[in-house]
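Work through the exercises below with the model open. Try each task before reading its solution.

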Amino acid sequence: AYPPRHNPVADYLLFYTAMNPKVAAPFNFEGLMLPWDATSWRRFLRAFHYTLNELSPLCVPSYAFGNHDMPRLVTRLGEDAARSAAIMHLTLPGMIFIYYGEELGMRDSPIPREFVQDPAAAGDPKGVGRDPARTPMQWSAQKQAGFSTAKTTWLPVGADYKKRNVETESKDPHSFLSLYRALAKLRNESFTMRYGNIELIDVDHPDILCFTRFKDEEDERFTTLINFSDKPVTLAAGLPIRKLLLSSSPKTKLHNTLKGSIELLPHEGALFVQ
């Protein structure tokens, strides 16, 4: 269910109170609905997690940055920002839902009118509806992207399937898939990432989102930094970070061991351990 936009935090809480939080959790679609800027995310994360904790420790947050109703992540944000969104998405608390193809950087694909399947296309001025975000999963560079051996598929395979596919990206350490796999591995192996709390950190820059994940005082803390702007940003020393774990950018200027100021590239996201 999509909450009304006038006060999404309050409406999400109504979803939680309408069911038993021991067995159910509502989708959080702010990854699709919020403007892609640091101020909006800072405000939402602080309000949402504070009120959720006040409501009940049984309430589990969930995050989805894509689904079959909306344009794909790379189409909406661009490739660099979509990679930093992956860093942010997989370091947030709770349950993480990844719409198929996001982990490959799949884009919306143009659908010729004769192949349109979505009934909602009848009310779309362009006549395409939601089909561009629903093309077959791209497994390989083979015919029909390895999705089917049939002559045709329900929707045409995306035009970029020879580059954007599981087989090809598995061999590239800088691909979308490698980034998602590294994040998933870290999340699966870290108790703090799976069950820890979140704290928003003010870094005194309007385009930077910073939050830490922690469980207990003696456990490691993780810090996520996201540059939402299309310009490089340099942050002064003093942030609660010790070592770089992952960057969204293959061209990052960050070093494994950090000393002094931190320079984030345009739309770069990075994960650190304290």
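**Exercise 1. Strand pairing**

Task: In which sense do strand 5 and strand 9 pair, and over how many bridges?

Solution. This is a predicted model. Start with the two strands: strand 5 covers residues 222-227 and strand 9 covers residues 269-273. They pair in the antiparallel sense, over 5 bridges. Now pick one residue. Thr224 has Leu271 in strand 9 as its bridge partner.

**Exercise 2. The sheet and its edges**

Task: What is the strand order of the open sheet of 5 strands, and which strands stand at the edges?

Solution. Read the order: 3-4-5-9-7, with antiparallel pairing. Then look for strands with a single partner strand. Strand 3 (197-200) and strand 7 (243-247) each have just one, so each has one side without a neighbour in the sheet. Those two are the edges. Last, the twist: on average, neighbouring strands are turned by 25 degrees against each other, direction ignored.

**Exercise 3. Helices on the sheet**

Task: Which strands does helix 5 lie across, and which does helix 7 touch?

Solution. Take helix 5 (residues 79-89). It lies across strand 4 (208-214), strand 5, strand 7 and strand 9. Its angle to strand 5 is about 155 degrees. Next, helix 7 (residues 176-189) packs on the sheet and touches strand 5, strand 7 and strand 9. The direction of helix 7 makes about 135 degrees with that of strand 7.

**Exercise 4. Aromatic pairs**

Task: Are the pairs Trp41-Phe44 and Phe48-Tyr63 stacked or edge-to-face?

Solution. The whole structure holds 13 aromatic pairs. For Trp41 and Phe44, the centres are 6.2 Å apart and the planes make 90 degrees. Angles over 60 degrees count as edge-to-face, and this pair is edge-to-face. Both residues lie in helix 3 (residues 38-55), 3 residues apart, about one turn of the helix. Trp41 is buried at 0% relative accessibility, and Phe44 is buried at 5%.

Now Phe48 and Tyr63. Their ring centres are 6.4 Å apart and their planes stand at 80 degrees, so this pair is edge-to-face. Phe48 lies in helix 3 and Tyr63 in strand 1 (residues 62-64), so the pair ties together parts 15 residues apart in sequence. Phe48 is buried at 1% relative accessible area; Tyr63 is buried at 0%. Ring pairs link these four residues into a cluster that also includes Tyr12, Phe15, Trp36, Phe65 and Phe228.

**Exercise 5. Charges over rings**

Task: Over which rings do Arg72 and Arg221 lie?

Solution. The charged end of Arg72 sits over the ring of Tyr100, 4.7 Å from its centre. Arg221 lies over the face of Phe214, at 4.2 Å from the ring centre.

Methods. Residues are numbered from 1 along each chain as its sequence is written. This is a predicted model: local features need pLDDT of at least 70, side-chain atom pairs count only at pLDDT 80 or more; totals for chains, interfaces and linings use all residues. Side-chain values use heavy atoms; hydrogens and water are left out. Rings of Phe, Tyr and Trp (its six-membered ring) pair if their centres lie within 6.5 Å; planes under 30 degrees apart count as stacked, over 60 as edge-to-face and the rest as tilted. Helices (H or I, at least four residues) and strands (E, at least two) are DSSP runs, numbered from the N terminus. Buried means under 20% relative accessible area, exposed over 50%, partly exposed in between (1.4 Å probe, protein chains only). A charge sits over a ring if NZ of Lys or CZ of Arg is within 6 Å of the ring centre and within 35 degrees of the ring normal. Two strands pair if DSSP finds at least two bridges between them. Axes are lines fitted to C-alpha atoms, for helices over the stretch in contact, and angles run from 0 to 180 degrees between N-to-C directions. Contact means heavy atoms within 4.5 Å.
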